[in-house]
Amino acid sequence: MSNIDLKQHEREQSRWLILSVLNAARPIGTNEGLILSTIQSVLPGVTQQELRREMTYLEDRKLIEISQQHTGTWFGKLSRYGVDLVEYTVPVDPGIARPPRYW
């Protein structure tokens, strides 16, 4: 696997992890600090800038909603479609490394 493939896989895995963390934080959502620390436990090299880039990608796809707290920290929350995606009730488009359904 080339370096480009590894970076793409890391981005796609990061997107799935973001969705998974926000699913666990439903219905309130959570801040980027918690999301980043969770992702870094799996992918240690992920930075805040990379996290924000992937959160923006997911927001553009209408899977999450991002708001900014008064401190400048980002806050994420799953959208209705994002909930459907993590619950495996809709198909996943390319770009997100959702594991296969095992049940």
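**Exercise 1. Is Lys62 buried or exposed, judged by its relative accessibility?**

Before we solve it, a word on the model. It is a predicted model, in which local features need pLDDT of at least 70 and side-chain atom pairs count only at pLDDT 80 or more, while totals for chains, interfaces and linings use all residues. Residues are numbered from 1 along each chain as its sequence is written, and side-chain values use heavy atoms, with hydrogens and water left out.

*Solution.*
- Step 1: recall the cut-offs. Buried means under 20% relative accessible area, exposed over 50%, and partly exposed in between (1.4 Å probe, protein chains only).
- Step 2: apply them. Lys62 has 60% relative accessibility, so this residue counts as exposed.
- Step 3: place the residue. Lys62 sits in the loop between α3 and β2; helices (H or I, at least four residues) and strands (E, at least two) are DSSP runs, numbered from the N terminus.
- Step 4: look at the backbone. Phi of Lys62 is near 65 degrees, a positive value in a residue other than glycine.

**Exercise 2. Find another positive phi, and a cis peptide bond.**

*Solution.*
- Step 1: know the background. Most residues other than glycine have a negative phi, and most peptide bonds are trans.
- Step 2: go to the segment after α4, where Tyr88 is found. Phi of Tyr88 is near 65 degrees, which is positive in a residue other than glycine. Tyr88 is buried, because its relative accessible area is 16%.
- Step 3: go to the loop between α1 and β1 (30–31), where Pro27 lies. The peptide bond leading from Arg26 to Pro27 is cis, with omega near 5 degrees.

**Exercise 3. Describe the largest nonpolar core and trace the contacts of Ile64.**

*Solution.*
- Step 1: define the term. A nonpolar core is a set of buried Ala, Val, Leu, Ile, Met, Phe, Trp, Tyr and Cys residues joined through side-chain atoms within 4.5 Å.
- Step 2: count. The largest such core has 24 residues, and those with the most contacts inside it are Ile18, Leu19, Ile35, Ile39 and Ile64.
- Step 3: list the contributors. Two or more residues each come from α1 (3–24), α2 (32–42), α3 (48–60), β3 (74–78) and α4 (80–86). The largest share, 6 residues, belongs to α1.
- Step 4: follow Ile64. Leaving aside neighbours within four places in sequence, Ile64 is in contact (heavy atoms within 4.5 Å) with Leu19, Leu22, Met55, Leu58, Glu59, Lys77, Leu78 and Ser79.

**Exercise 4. Work out how α2 and α3 pack.**

*Solution.*
- Step 1: take the geometry. The two helices, α2 and α3, pack at an angle of about 105 degrees, with their axes 10 Å apart.
- Step 2: classify. Angles of 65 to 115 degrees count as roughly perpendicular, and α2 and α3 are therefore roughly perpendicular to each other.
- Step 3: name the residues. Glu32, Ile35, Leu36 and Ile39 of α2 meet Gln48, Leu51, Arg52 and Met55 of α3.

**Exercise 5. Compare the surroundings of Glu54 and Trp74.**

*Solution.*
- Step 1: Glu54 lies in helix α3 and counts as buried because its relative accessibility is 4%.
- Step 2: leaving aside neighbours within four places in sequence, Glu54 is in contact with Arg11, Ser14, Arg15 and Ile18.
- Step 3: Trp74 is found in strand β3. With a relative accessible area of 15%, Trp74 is buried.
- Step 4: beyond neighbours within four places in sequence, Trp74 has contacts including Thr30, Asn31, Arg52 and Met55.

Methods
Axes are lines fitted to C-alpha atoms, for helices over the stretch in contact, and angles run from 0 to 180 degrees between N-to-C directions. Angles under 35 degrees count as roughly parallel, over 145 as roughly antiparallel, 65 to 115 as roughly perpendicular and the rest as oblique.
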